[in-house]
Amino acid sequence: MPESGRTTTQDPISAVPKAAARRVGLLVTLVLGGLTALPPLSMDMYLPALPEVTESLRSPAATVQLTLTACLAGMALGQLVVGPMSDKWGRRRPLLVGMLVYVAATAVCALAPSVELLIGFRLLQGLAGAAGIVIARAVVRDLYDGVEMARFFSTLMLISGVAPIIAPLIGGQILRITDWRGVFHVLTVIGVLLTVVVWRFLGETLPPERRHAGGVGEALRTMRGLLADRVFTGYMLAGGLAFAALFAYISASPFVVQEIYGASPQTFSLLFGLNSVGLVAVGQINGKLLVGRVSLDKALGTGLGVILLASVALVLMTSGVFGKVGLAPVAAGLFVLMSAMGLAMPNTNAQALMRTPHAAGSASALLGTSSFLIGAIASPLVGIAGEATAVPMAVVQLACAVTALGCFLVLCRPWQPRA
């Protein structure tokens, strides 16, 4: 597509020429990395506090886990709304509105007197925070294409991957000096700072001539057309199910590591951070070494296969096939599973978005919504047998891994040549 030579002076990023936007590539990467890091910060900084919330609000663990599910469901539904909005009105305005609502909802979470109110405002927090996730992906599609886009997604994973590394560590340290409400106070401050950075440094990347003028009806028709694309749907489902396996770990690990294996919140935070290091490292191997040398489908298939093998190992260990197994082998299995996400997630996003240059916002919304909805379904299932066993977590991960690999093979058919 030809690029116009016009530039704007009021925004750090021009709305039209990709070449001009790339000249501030580091700034773009940092801002988009911050936006994609906000969801893991919102989820993972809160994880070490889950047992404390259970005691403080006098609620069962399964109910408290719904605070995670509500936030995740909000992020899923919010993307479905914000994505088409960004295709119609541009990226900047919906993003700023979403960030402001996120800050307000997070501040109220810190004051919640009951688990029901906390669940409600975590839902609103997720709805608003979805703007950052979906628009960040759409901006990447506005600025990049092909292998370059796959590389950028891997670079973005490096920045956003720092969030799950440091978030539980920060959360664990916050719990040393205050209670779980302090976690939401810190998230409120982070939200305010990120809103200011977005307002100041992230300009518009979708020019008016590329926007969709229609309303809800056109947005739904666009999404229906995207879902009719068998290959796009295959990548969407494979990525969503892989994310669900990841979220099964996120929602269950505080109870598995701390309650079943007796680790402290600080030990849990260190293990969680180590797993995130594995994910980021493999993501960088994907972006720096594999992309351009190995097909994205081969890298994706390898990642899904490793996730499947790790899930099988975790089922065998947690079900007692090998006898009583300590924390170290289970942690090793979770490390392998998390690391393989560095191959699965950036490549599913890149492959799906490469097919949808005409509707990046709507495509990004579908990718994010499917991931978060499937993750929201998986979250309560990991606690279905109570807090005394890790078997449900491993079984959910195995089911997600098998189905993800099946969707990839049956719908994407990676052995067939495609344009």
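Colleague: What makes the link between the side chains of glutamine 125 and arginine 122 a polar contact?

Modeller: The distance. The two side chains come to 2.8 Å, and the cut-off for a pair of N or O atoms is 3.5 Å, so the pair qualifies. Bear in mind that this is a predicted model.

Colleague: Where is glutamine 125 found?

Modeller: In helix α6, which covers residues 115-143.

Colleague: Why is glutamine 125 called buried?

Modeller: Its relative accessible area is 0%. Buried means under 20%, so glutamine 125 belongs in that class.

Colleague: Which residues does glutamine 125 touch, leaving aside those up to four places away in sequence?

Modeller: Ser42, Cys71, Tyr102, Ala105, Thr106, Phe184 and Leu187. Take Ala105 from that list. Alanine 105 is 20 residues away from glutamine 125 along the chain, yet their C-alpha atoms are separated by 5.2 Å.

Colleague: On to the loop between α3 and α4. Why does serine 59 count as buried?

Modeller: Serine 59 has 10% relative accessibility. The limit is 20%, and serine 59 falls under it, so the label is buried. Serine 59 sits between α3 (50-56) and α4 (61-89).

Colleague: What lies 3.2 Å from a polar atom of the serine 59 side chain?

Modeller: The backbone oxygen of leucine 57. That distance is within the 3.5 Å limit for a polar contact.

Colleague: Which residues does serine 59 touch beyond four places in sequence?

Modeller: Thr54, Val64 and Val115.

Colleague: And threonine 54, buried or exposed?

Modeller: Buried. Its relative accessible area is 16%, and that is under the 20% line, so the call follows. Threonine 54 lies in helix α3. A polar atom of its side chain is 3.0 Å from the backbone oxygen of leucine 50. Threonine 54 also touches Ser59, Pro60, Ala61, Val64 and Phe255, with residues up to four places away left out.

Colleague: Why is arginine 58 called exposed?

Modeller: The relative accessible area of arginine 58 is 79%. Exposed starts over 50%, so arginine 58 passes. Arginine 58 is in the loop between α3 and α4, where serine 59 is placed as well.

Colleague: What is notable about the phi of arginine 58?

Modeller: Phi is positive, about 55°, although arginine 58 is not a glycine. Arginine 413 also has a positive phi, of about 45°, and is not a glycine either.

Colleague: How do you know which exposure class arginine 413 belongs to?

Modeller: Its relative accessible area is 29%. That value lies between 20% and 50%, so arginine 413 is partly exposed. Arginine 413 is in the segment after α15 (391-412).

Colleague: What about alanine 281 and its class?

Modeller: Alanine 281 has 38% relative accessible area. With cut-offs of 20% and 50%, alanine 281 is therefore partly exposed. The residue lies in helix α11 (residues 265-290). Alanine 281 and serine 154 are 127 residues apart in sequence, with 9.9 Å from C-alpha to C-alpha.

Colleague: Now helix packing. What describes two packed helices?

Modeller: The angle between their axes and the distance between the axes. For α4 and α10, the axes come within 11 Å and cross at roughly 145°. The crossing is right-handed.

Colleague: Which residues make that contact?

Modeller: α4 brings Ala61, Gln65, Leu68 and Leu72; α10 brings Phe243, Phe247, Ser251, Ala252 and Phe255. The classes are seven nonpolar, two polar and no charged residues. Gln65 and Ser251 are the polar ones, because neither belongs to the nonpolar or charged lists.

Colleague: At what angle do α10 and α12 pack?

Modeller: About 35°, with the axes 12 Å apart. Here α10 (residues 230-260) passes α12 (residues 296-318) in a left-handed crossing. Tyr235, Ala238 and Ala242 of α10 meet Asp297, Leu300, Leu304 and Ile307 of α12.

Colleague: How do the residues of the contact of α10 with α12 divide by class?

Modeller: Six nonpolar, no polar and one charged. Asp counts as charged, so Asp297 is the charged one.

Colleague: How many helices and strands are there in the protein chain?

Modeller: 15 helices and zero strands. Buried residues make up 58% of the 419 residues.

Conventions: Residues are numbered from 1 along each chain as its sequence is written. This is a predicted model: local features need pLDDT of at least 70, side-chain atom pairs count only at pLDDT 80 or more; totals for chains, interfaces and linings use all residues. Side-chain values use heavy atoms; hydrogens and water are left out. Helices (H or I, at least four residues) and strands (E, at least two) are DSSP runs, numbered from the N terminus. Buried means under 20% relative accessible area, exposed over 50%, partly exposed in between (1.4 Å probe, protein chains only). A polar contact is a pair of N or O atoms within 3.5 Å; within protein, one must be able to donate a hydrogen and the other to accept it, and residues adjacent in sequence count only if both atoms are side-chain atoms. Contact means heavy atoms within 4.5 Å. Axes are lines fitted to C-alpha atoms, for helices over the stretch in contact, and angles run from 0 to 180 degrees between N-to-C directions. A crossing is left-handed if the near helix is turned anticlockwise from the far one by less than a right angle, and right-handed if clockwise.
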